[in-house]
Amino acid sequence: MITRHFAIPVTSPGTILRREMDLGTPLGHETEETTRHGALVSDAIIVRLIEDWLNLHGNDGFVFDGFPRTLPQAKSLDEILERAVWLDVSEETARDRIVSRLQCRRCGFTTSVTSAGFAERPICPYCDGPLVRREDDDVAILQTRLAEFNSKTQPLAAFYEEKSALHRLDANRSREEVFGDISRLIETRSE
Ligand code: AMP
């Protein structure tokens, strides 16, 4: 939504890693087991992925989704990360969303099985790629993902709060409401 609306490049390590797995690259093989079980991939791998991506796309503003997720990741790119948008969701919301999430395997467009007939015709409206359930969108794996979040990602809230760079949003609300708030943050990014 951000790229389509603002023409700002967006990436996420998760999307890059899923592509590497689909392509069967050495990196895809190396990280497959970790992502399948919902654990975090090593900081060294993730930071290198992000740096490579920045070299290609990072000239004039960008958004990362799911990065940084640890303090070492945050510190490694501290000079260029301006704001942290913290999407607060309850465990119940996270569970409800992952059990119905459909994601385009080609471009990453995300929707749900309950939206606009995608269950019957699981084809991406933007690139015609296949809309599929993610292998790690599983209630048992969610417990590992939440444990990783609590131990490794949660400390980032204090880190960015200290710099007055933290923007907390209630992401239990509708997609449109949350996108409206994120849009306002992007529109004021250079103020
Ligand atoms: P996501 O698509 O953001 O839900 O990420 C899917 C999986 O990719 C995660 O469960 C991790 O295994 C891995 N991953 C994504 N982002 C990161 C990150 N910043 N640090 C470490 N591992 C990550």
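S164 is found in the loop between α8 (155-162) and β7 (166-170), and in this predicted model the residue has a positive phi of about 55° although it is not a glycine. As a general matter, most residues other than glycine have a negative phi, and most peptide bonds are trans. With 8 C-beta neighbours inside 10 Å, S164 counts as exposed, because the limit for that class is 12 or fewer. A7, which is likewise not a glycine, has a positive phi of about 55°, and its place is the loop between α1 (2-6) and β1. A7 is exposed too, with 9 other C-beta atoms within 10 Å.

Two further backbone features belong to this part of the account. G24, which follows α2, has a positive phi near 70°, while a cis peptide bond with omega of about -5° joins F67 and P68. P68 itself sits in the loop between β2 (63-64) and α5 (71-76).

From F67 the reader can move to the interior, since F67 is a member of the largest nonpolar core, whose seven residues are I16, L17, I46, L49, I50, F64 and F67. The elements that give two or more residues to this core are α2 (13-23) and α4 (43-57), and α4 gives the most, with three residues. In soluble globular proteins, nonpolar side chains tend to be buried together. F64, another member of the core, touches T11 and S12, when residues up to four places away in sequence are left out of the count.

Helix α2 deserves a closer look. Its buried residues are P13, I16, L17 and R18, and these pack against β1 (10-11), α3 and α4. The helix also takes part in the surroundings of the ligand, where 18 residues form the shell and the closest are P13, G14, L40, G66 and R69. Both α2 and α3 (26-36) supply at least two residues of this shell, and the largest share, three residues, comes from α2. By character, the residues of the shell divide into eight nonpolar, seven polar and three charged.

Elsewhere along the chain, an open sheet of three strands has the order β5-β4-β6, with antiparallel pairing. In this sheet β5 (110-112) and β6 (131-132) stand at the edges, each with a single partner strand, so one side of each is left without a neighbour in the sheet. The pairing of β4 (residues 101-104) with β6 is antiparallel and runs over two bridges, and C104 stands opposite L131 in β6.

Definitions and conventions
Residues numbered from 1 in each chain as written. Predicted model: local features only at pLDDT ≥ 70, side-chain atom pairs only at ≥ 80, totals over all residues. Core = buried A, V, L, I, M, F, W, Y, C linked by C-beta atoms within 7 Å. Buried ≥ 20, exposed ≤ 12 C-beta atoms within 10 Å, placed from the backbone. Helix = DSSP H or I, 4+ residues; strand = E, 2+ residues; numbered from the N terminus. Contact = placed C-beta atoms within 7 Å. Near = placed C-beta within 6 Å. Nonpolar A, V, L, I, M, F, W, Y, C, P; charged D, E, K, R; others polar. Pairing = 2+ DSSP bridges.
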